[in-house]
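Q: Please take a close look at the ligand site in this model. I would like to know what surrounds the ligand and how that site fits into the rest of the protein.

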Amino acid sequence: MSKIAVCPGSFDPITNGHIDIIQRGAKIFDELYVVVLNNSSKHPLFTVEERVELIKSVTGHIPNVKVDSFQGLLVDYAKSIDANAIIRGLRAVSDFEYEMQGTSMNRVLDEHLETFFMMTNSQYSFLSSSIVKEVAKYKGDISSLVPPIVEEALKGKNCC
Ligand code: PNS
């Protein structure tokens, strides 16, 4: 049985921290689906299509990574592709409470789906899409935080 994992998120936009988790996750699982889902507490800057395109262009070199989007519950998406696992990155203790709530909810919804956490590389422990957008908004240098194509996409948004 092949090991299939989902790496879900808002990816608004994808950062070098996300890419680090995706690259490492792809070494452990046979197939890794990076999926743009809706986080109802966030108001995204990029459309779902834009986020999917950005992820595709920066993960295209990883053969076992697929990129997708889904409107609905993560557990339903995972079921639709026969995934056995969810991968999430953990940056700091502050992420833990939020992740524990989501993971516990997902386990209630589907007890067979396991969630794996990977510590982000320490060089990205402070990094989030929100902080990247904030710095880009005030024309700060984000070249070490996101790939060039994402930097360009942020410049293309009126807000940044
Ligand atoms: O990058 P984020 O915003 O931390 O990702 C959170 C996300 C999108 C993975 C989460 O909100 C999610 O799974 N949304 C889909 C709806 C769902 O399944 N909700 C219940 C579990 S939290």
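**The ligand site**

A: In this predicted model, the ligand is surrounded by 13 residues, and the closest are Ser10, Asn39, Lys42, Leu74 and Arg88. By type, the shell around the ligand divides into five nonpolar, six polar and two charged residues.

Polar contacts can be listed for three positions. A polar side-chain atom of asparagine 39, one of the closest residues, lies 2.8 Å from an oxygen atom of the ligand. Arginine 88 also places a polar side-chain atom by a ligand oxygen, here at 3.0 Å. With asparagine 38 the contact comes from the backbone: an N or O atom of its main chain lies 3.1 Å from a nitrogen atom of the ligand. Taken alone, the ligand exposes 530 Å², and the protein buries 79% of that area.

The ligand takes up the space of the largest pocket. Two elements give two or more residues each to the shell around the ligand, namely β1 (4–9) and α4 (93–109).

The loop that follows β1 deserves a look of its own. Phenylalanine 11 is found in this loop, between β1 and α1. The phi angle of phenylalanine 11 is near 50 degrees, a positive value in a residue other than glycine. Next comes a cis peptide bond, which joins aspartate 12 and proline 13, with omega at about 0 degrees. Proline 13 lies in the loop between β1 and α1 (16–28) as well.

As for the rest of the protein, the secondary structure comes to six helices and five strands. Along the sequence these elements follow the pattern β-α-β-α-β-α-β-α-β-α-α, with β1 and α4, the two elements named above for the ligand shell, among them.

Overall dimensions complete the picture. The C-alpha atoms fill a box of roughly 45 × 35 × 30 Å along the principal axes. The radius of gyration is 15 Å; a compact globule of 160 residues would have a value near 15 Å, so the protein agrees with that expectation.

In short, the ligand occupies the largest pocket, has asparagine 39 and arginine 88 by its oxygen atoms, and has 79% of its area buried by the protein.

Methods: Residues numbered from 1 in each chain as written. Predicted model: local features only at pLDDT ≥ 70, side-chain atom pairs only at ≥ 80, totals over all residues. Heavy atoms only, no water. Near = heavy atom within 4 Å. Polar contact = N/O pair within 3.5 Å; in protein donor to acceptor, adjacent residues only side chain to side chain. Areas by Shrake-Rupley, 256 points an atom, 1.4 Å probe, with all protein chains shown as cover. 1 Å grid on protein atoms, 1.4 Å probe; cavity = no way out; pocket = protein on both sides within 12 Å on 5 of 7 lines; lining within 4 Å. Sits in = over half its atoms within 2 Å of the grid points. Helix = DSSP H or I, 4+ residues; strand = E, 2+ residues; numbered from the N terminus. Nonpolar A, V, L, I, M, F, W, Y, C, P; charged D, E, K, R; others polar. Rg over C-alpha atoms; globule rule 2.2 N^0.38 Å.
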